[in-house]
Every structure is written in structure tokens, then in C-alpha cells.
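Biologist: I'm new to reading protein structures. Could you walk me through this one, a feature at a time?

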Amino acid sequence: MTLRDIINKLLRRQPASASTARERLQLVLAHDRSDLSTELLDQMRREILEVVAKYVEIDMDEGAVSLETEDRMTALVANLPIKRTLNGQIKLIEPSQQQDVSPQTAESIDKNSQ
Amino acid sequence: MATDTRVILICSGKGGVGKTTLTANLGISLARQGLATAVLDADFGLRNLDLLLGLENRIVYTAQEVLEEECRLDQALVKHKQESNLSLLPAGNPRMLDWIKPDDMKKIVNMLKDQFNYVLIDCPAGVEDGFKNAMAAAQEAIVVTNPEVSAVRDADRVIGLLNTNSIKPVKLVLNRVRPKMMANQEMLSIDDVTDILALPLLGLVLEDEQVIVSTNRGEPLTLNSLNSPAAKCYSNIAKRLQGEDIPFIDPAEENSGFAAKFRKLMQTKIF
Ligand SMILES: Nc1ncnc2c1ncn2[C@@H]1O[C@H](COP(=O)(O)OP(=O)(O)O)[C@@H](O)[C@H]1O
Ligand SMILES: [Mg+2]
């Protein structure tokens, strides 16, 4: 954050447009680079959630699967909050080998070489 | 006879960002450094490299007649009056678009390689056949863009295609930089654009009214107006292409005095 951003915040002014441009570009390019249509991406998101839901109970409303891009590398990032039982344990629907599924984020890197 | 000719594609995706102006100015600058340079107008639909170089009245034959073997290459090449190291190979009739293939571009460029150190290919806008034909003939590329969302987005598409076609190195020229707007953070910064596109910077070109004056005259700035802000940028780019280590200008330094210092302070990163 720059001095200017802080002053803008204090004065409740709109942020300078360059930062808006940067954010919008990052989003639109992640999609452009993925070569996946919105429909395909949606379908993939649904299927990923379905598969994961077979093993752990996830919060379908909070779950998010998105594309993020850095340095021309696009990553498919799934953030799937796992519901916990009252005693704080992760609730496994079916017994699975991985008893210590603690991180709630699954990442798979897709080397996007377009 | 040149053996290690560099064939450089000058492309952008979006139209009107400054490809042709860059091609003309780089052509003059490289020629001035004593390098035999050919500029090839590959924008067959909307040719105007001839106009920017002031050579429009001296065209007899074009790339079309060369390909159809109606003339020899040297009959079609138009030598620049003041910079005899520079030659233009003009684009033919727009109907060339109907039949020209990647192999035709390769054939033309291979002929040029025999005589020149540099071949600069002025690309059409877009990512369709015109661009792909031109890309087939090149080894390296300069992507021109402006610090604006649409231009950067289109540049990204082109970079994707260049990468899949193993064109390298690919370097960036950021054109129409307005230091004041950048200082006020109302324009994407140099770092923003190089980060987003993940390309090394070859140079930036300042927004400069003289560019228009020079196109009116058909005399690229690097020919006669070396003191204009954009002309310096163009000749720096030419020197960097030749491997010279020329520091980048800092747009913030382009404004001097208290106002600039204040703007710089405002840009200081706090967190
Ligand atoms: N650095 C600059 N400052 C001011 N005007 C510029 C600059 N670069 C290009 N222009 C103007 O932008 C327009 C498009 O330039 P041009 O080189 O024809 O773009 P392209 O070949 O990419 O379509 C022209 O009118 C040109 O004069
Ligand atoms: Mg052009």
C-alpha cells in the first residue's frame, strides 16, 4: 500500500485507477490463459466438489475452485472448507487412509503452456 | 553476406499501439549503427510502413511480385534515401491475404537473410492468419503494448502464441508512457505490465506529440529529431537490441522539481 492509497482511504476517495486496472487484468488473464470456457470451468468445479464430497463432508456453499496466475503459470486452486464434528475432529464420511487430513486447501498445478 | 541475421517480429495483438512506428524508428536506428537492415511490411491489409518511412512514392514492386517471381528481390527493395543501410520490402495488394501462406513468408525472409543483419517484420494486428504467417518466418519477437487494460490483454494472447511456437527471446516495449499519469497511479506502471505479462522489458517509449509530426513528414523521429523524448527511447531500444547496456529511463524522473518529488513520495510503498 502506498502513501497515496492511505490518504485516499482517509479521505474516502476512490483508489487510483491503476490498481483497479491491475486487479481486473489479473482476473481476466487467468481465464484467458486457461483456455477453458466458463461452462467447462463450472463443470469441473462441480465434479471436483462431488469427488471430494465422497470422502469428507465439505461446505458446498463456501467451497471455491478458481484459477490463479503468476508468472505465466496458471494454478487451479481449490479451497474446500471441511466441516468438523463437535469435538473438533474432521468429519470423515467414509473411513479413509488419510486420517490426518488437516489442510483445507488442495492445490494442483497445471503448467499452462499456451 | 550476413550469416547470423536476426529476424524479429514486431507484434501486439491490438491495433494502433505503435508497431509500425517502432518498426520504422528501429529500422532507421539500426541502419545508423551501420547494420544492414530490412523492414518487411507484413500488414498486407492495411500497409503503411512505406508512408511512415516516406517511401510511398518510390515503390515499384512489392513482396507479391517477388513471390510470383515477376521480379527479383533487389528490384522490389526500396532503399532509404538518407539511411542507405535501410531497405523496405513493401506489402503487396491486400488480395495477397487470400493466398499467402506461412511458407511464403519463410521464403521471403530467407531471401532477405542473405543480405541483411536485421529483418524487422511489421505485423498486422490480431492473432489470425496474417499474424501467424508472419510468425512462421521469425525467430524472436518484440511485443509492443500500451499501459492500458485492452492492449495488455491482447498482448497476453500474442505472447501465448509466441511461446507455443518457440519464438524466443520475446521482449516487451511499452509505448505511450505518460509519466505524470503513472506518477498519479492513474496508469499501469512499468512493473505492473512486465509482471503481468512476465516479459523482460526491452524499453519504454514516452508519449510524444512529435511522433505525429514525424508521420506527417514521413521522417521517423530517429532520422532527424533525435532530441525528442520518443526518439531517445527508440534509439535506446536499438542499442539494447545490439547488446548495449543502456539504463531504462525512470518515468518519474521525467517530471522534475517539487511536484515530481511529492509524487514520488506519494508512491512510496508503506506496507
Ligand atoms: N509514443 C507515441 N506518442 C504519441 N503517439 C504515438 C506514439 N506511438 C504511436 N503513436 C501514434 O499512434 C498511432 C498508431 O501507431 P502505429 O505505429 O500505426 O500503430 P500500429 O502499427 O500498432 O497499428 C499513430 O497515430 C501514431 O502516430
Ligand atoms: Mg501498423
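**Where the two chains meet**

Modeller: Happy to. The contact draws 22 residues from chain A and 24 residues from chain B. Keep in mind that this is a predicted model.

Biologist: How do people put a size on a meeting like that?

Modeller: The size of an interface is often given as the accessible area lost when the parts come together. Here, the area buried between chain A and chain B is about 2,200 Å². Carbon and sulfur atoms give 59% of that area.

Biologist: And how many salt bridges are counted between chain A and chain B?

Modeller: Three salt bridges. R22(A) forms a salt bridge with D192(B), and the closest N and O atoms are 2.8 Å apart. The cut-off for a salt bridge is 4 Å, so this pair qualifies. There are also seven residue pairs in polar contact across the interface, both residues being at pLDDT 80 or more.

Biologist: Which helices of chain A supply at least two residues each to the side that touches chain B?

Modeller: Helix 1 (3-10) and helix 2 each do that. Helix 2 of chain A gives the most, with 10 residues. Sorted by kind, the residues on the side of chain A that touches chain B come to 10 nonpolar, five polar and seven charged.

**A closer look at helix 2**

Biologist: Let's stay with that helix. How do I read its length?

Modeller: Compare its reach with what is expected at 1.5 Å a residue. Helix 2 of chain A runs over residues 17-34, which is 18 residues. From first C-alpha to last, helix 2 reaches 26 Å, close to the 26 Å expected.

Biologist: How can I tell which residues in a helix point the same way?

Modeller: An α-helix has 3.6 residues a turn, so residues three or four places apart point the same way. Now look at the buried residues in helix 2 of chain A: among them are A18(A), A21(A), L25(A) and L29(A). Toward the end of the list you'll find D32(A), R33(A) and S34(A), which are buried too.

Biologist: What happens just after helix 2 of chain A?

Modeller: D35(A) takes a positive phi there, about 60°. L36(A) sits in the loop between helix 2 and helix 3 (38-53) of chain A. Leaving out residues up to four places away in sequence, L36(A) touches H31(A), L41(A) and M44(A).

Biologist: Why does L36(A) count as partly exposed?

Modeller: Because its relative accessibility is 30%, and partly exposed runs from 20% to 50%.

**Over to chain B**

Biologist: Can we try the same reading on chain B? Is S29(B) buried or exposed?

Modeller: S29(B) is buried, because its relative accessible area is 8% and the cut-off is under 20%. S29(B) belongs to helix 1 (residues 19-32) of chain B. Beyond its neighbours within four places in sequence, S29(B) is in contact with T222(B), Y234(B), S235(B) and A238(B).

Biologist: And where does D250(B) lie?

Modeller: In the loop between helix 12 (229-241) and helix 13 (251-254) of chain B. At 31% relative accessible area, D250(B) is partly exposed.

**Chain A as a whole**

Biologist: Last one: what secondary structure does chain A have?

Modeller: Three helices and three strands, in the pattern α-α-α-β-β-β along the sequence. Of the 114 residues in chain A, 26% are buried. Among contacts in chain A with a separation of 6 or more, 50% come from residues 24 or more positions apart.

Technical notes
Residues numbered from 1 in each chain as written. Chains lettered and ligands numbered in written order. Predicted model: local features only at pLDDT ≥ 70, side-chain atom pairs only at ≥ 80, totals over all residues. Heavy atoms only, no water. Helix = DSSP H or I, 4+ residues; strand = E, 2+ residues; numbered from the N terminus. Expected span 1.5 Å × (residues − 1). Buried < 20%, exposed > 50% of the residue type's maximum accessible area, 1.4 Å probe, protein only. Contact = heavy atoms within 4.5 Å. Buried area = accessible area lost by both parts, 1.4 Å probe. Salt bridge = Lys/Arg side-chain N within 4 Å of Asp/Glu carboxyl O. Polar contact = N/O pair within 3.5 Å; in protein donor to acceptor, adjacent residues only side chain to side chain. Nonpolar A, V, L, I, M, F, W, Y, C, P; charged D, E, K, R; others polar.
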